[in-house]
Amino acid sequence: MLPVLPIYDQKSRIKLIIVAVALLVAGATVVYTNILVQRLSEREQQQIDLYAKAQRFIINSEVDSNTNFVFEEIINANKTIPIIFTDGNGYPLDAKNLEVPKRLNEVQRMALLQREIQIMKSQHPPIVVELGAGLRNYIYYKDSVLLAQLRTYPLVQLAVIGCLAVIAYFTFSYSRRAEQNRVWVGLAKETAHQLGTPLSSLMAWHTYLKESEKFKNEPIVDELGKDVRRLEIITERFSNIGSVPILKDENILRVTQNAIAYLQSRVSKKVTFEIKTDLPTDTPAQVNVPLFDWVIENICKNAIDAMDGRGSITIHLRRPARNKSQIAIDITDTGKGIPKSKLDRVFLPGFTTKKRGWGLGLALAKRIIENYHKGRLFVKWSEVGRGTTFRVILNGE
C-alpha cells in the first residue's frame, strides 16, 4: 500500500502545532494572570488589615486630632474594596464602596447590606475589631471590582485565543485546499494537453483503417473506434477539471447504464453487474455526463480491485430517506471491505491498497461529485470480508 502523500501528512502536523501553540499561550496567560490575582488579593488583604488597625486605633486611643487625622486618611484611602462595618450582633453600622440605591428606605437598605454581608462571608472571614470590655465590631469585605474582573480575565483570554486558533485553523485549511485545487487543475490541464497529440494521430489512423478495403468489416476497427472515442471522453474530462462544468437534466438510469455497459465489456467476465432502481425510469438528475461517468468508473474499478477480479457489483438508484428531492446511487461490491481504521482516509489523494496506482481515483471522484455537482460521496457501509457500499448523492431536477 502506498503511503498518503507527504503534503497531507504535514497538514496534520501543522494543525497540531497550531493547537499546541494556542494551548501554550493560553496556559502561560492563565498562570501569569493567576499570579497577578494572587498578588492583588494579598495586597487587598493587607489594605483591609491596615484599615482594621486604623479603626481600632481611632476607637480605643486617646491622642490628639492630628494623629487621628492620619488614621482617618488611612481609612479614607480605601476607594475600591467594598466594606461593611457592623457591631457585635452583625448590625451594619457603616458601608463603604458599595452601590446602595438612594431610593431605598431604611428597611430595604438594611436588607441589601445583610445580603452583601452573606456574600462577603463566602469570600473572606470577617476581621474582628476589639473594643475592650468584651465588646467587638466586625469588618466584612469582598474582592474589589478590579480583582473580580481580573479573576475572569483568563476566561476572556482563553476565548480570544480559541477564536484566533479557530481562525488560523480554517485559514490554513482554506489555503491548503486552494493549493490542492491548483495542483489538480494544473495536472489535469497538462494531462489533457499531452493526450491531445497522440489522440489526433489515433483518430487519423482509425479513419484510415475504416476507409481501407483491406480492413473492411473487421471488428477490430470498430473496437478501435470505441477506444478512440473513449480517449476523447477522457481528454474532455481532464479539460473540464478547473472549469465550471455544464450540468444538465439527464436520465440518470440511462446514464448509469451506459457507463456500466462500457466498463462491463472491458473487465473480467467473472465480475457481474446489476442495476436496480426504485425510481421511475425517466427520472432526471443534474449531471455532467463525462464527469459522472468518470465517477462511476473510478468507484467500480476500485470495487473490482477489492474483489480481485471476481465477484458482483450492484448499483441501486433510490431516493434518500432524508431528502426526497435528491437521488442516491448505492454502489455495492462483494470485495474485501475497508477496515474502520481506514474509512476516514479512503478519499485522501495518495491512499491506496494496491501495489500499483497513485490512489487518486476516489479522491477525484469525491471532488467531481462535491465540488462540481454539489452532491456528496461517502462510504455508506463496509465490513471486512463482506464488501463495501459507496453512496453518491445527486440533486434532482
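Is Gln-38 buried, partly exposed or exposed? Gln-38 is partly exposed, because its relative accessible area is 46%, and the partly exposed class lies between buried (under 20%) and exposed (over 50%), with a 1.4 Å probe and protein chains only.

This is a predicted model, where local features need pLDDT of at least 70, side-chain atom pairs count only at pLDDT 80 or more, and totals for chains, interfaces and linings use all residues. Residues are numbered from 1 along each chain as its sequence is written, and side-chain values use heavy atoms, leaving out hydrogens and water.

Back to Gln-38: it sits in helix 1 (residues 6–60). Its C-alpha atom is 9.5 Å from that of Arg-151, 113 residues apart along the chain.

As for the whole chain, there are eight helices and eleven strands; these are DSSP runs numbered from the N terminus, helices being H or I of at least four residues and strands E of at least two. Of its 397 residues, 38% count as buried.

Now for a helix pair, starting with who touches whom (contact means heavy atoms within 4.5 Å):

| Helix | Contact residues |
|---|---|
| Helix 6 (residues 252–264) | Ile-252, Val-255, Thr-256, Ala-259, Ile-260, Leu-263 |
| Helix 7 (residues 289–306) | Val-289, Phe-292, Asp-293, Ile-296, Glu-297, Cys-300, Lys-301 |

Helix 6 and helix 7 pack at about 55 degrees with axes 10 Å apart, which means that helix 6 is oblique to helix 7; oblique covers whatever is not under 35 degrees (roughly parallel), over 145 (roughly antiparallel) or 65 to 115 (roughly perpendicular).

How values were computed
Axes are lines fitted to C-alpha atoms, for helices over the stretch in contact, and angles run from 0 to 180 degrees between N-to-C directions.
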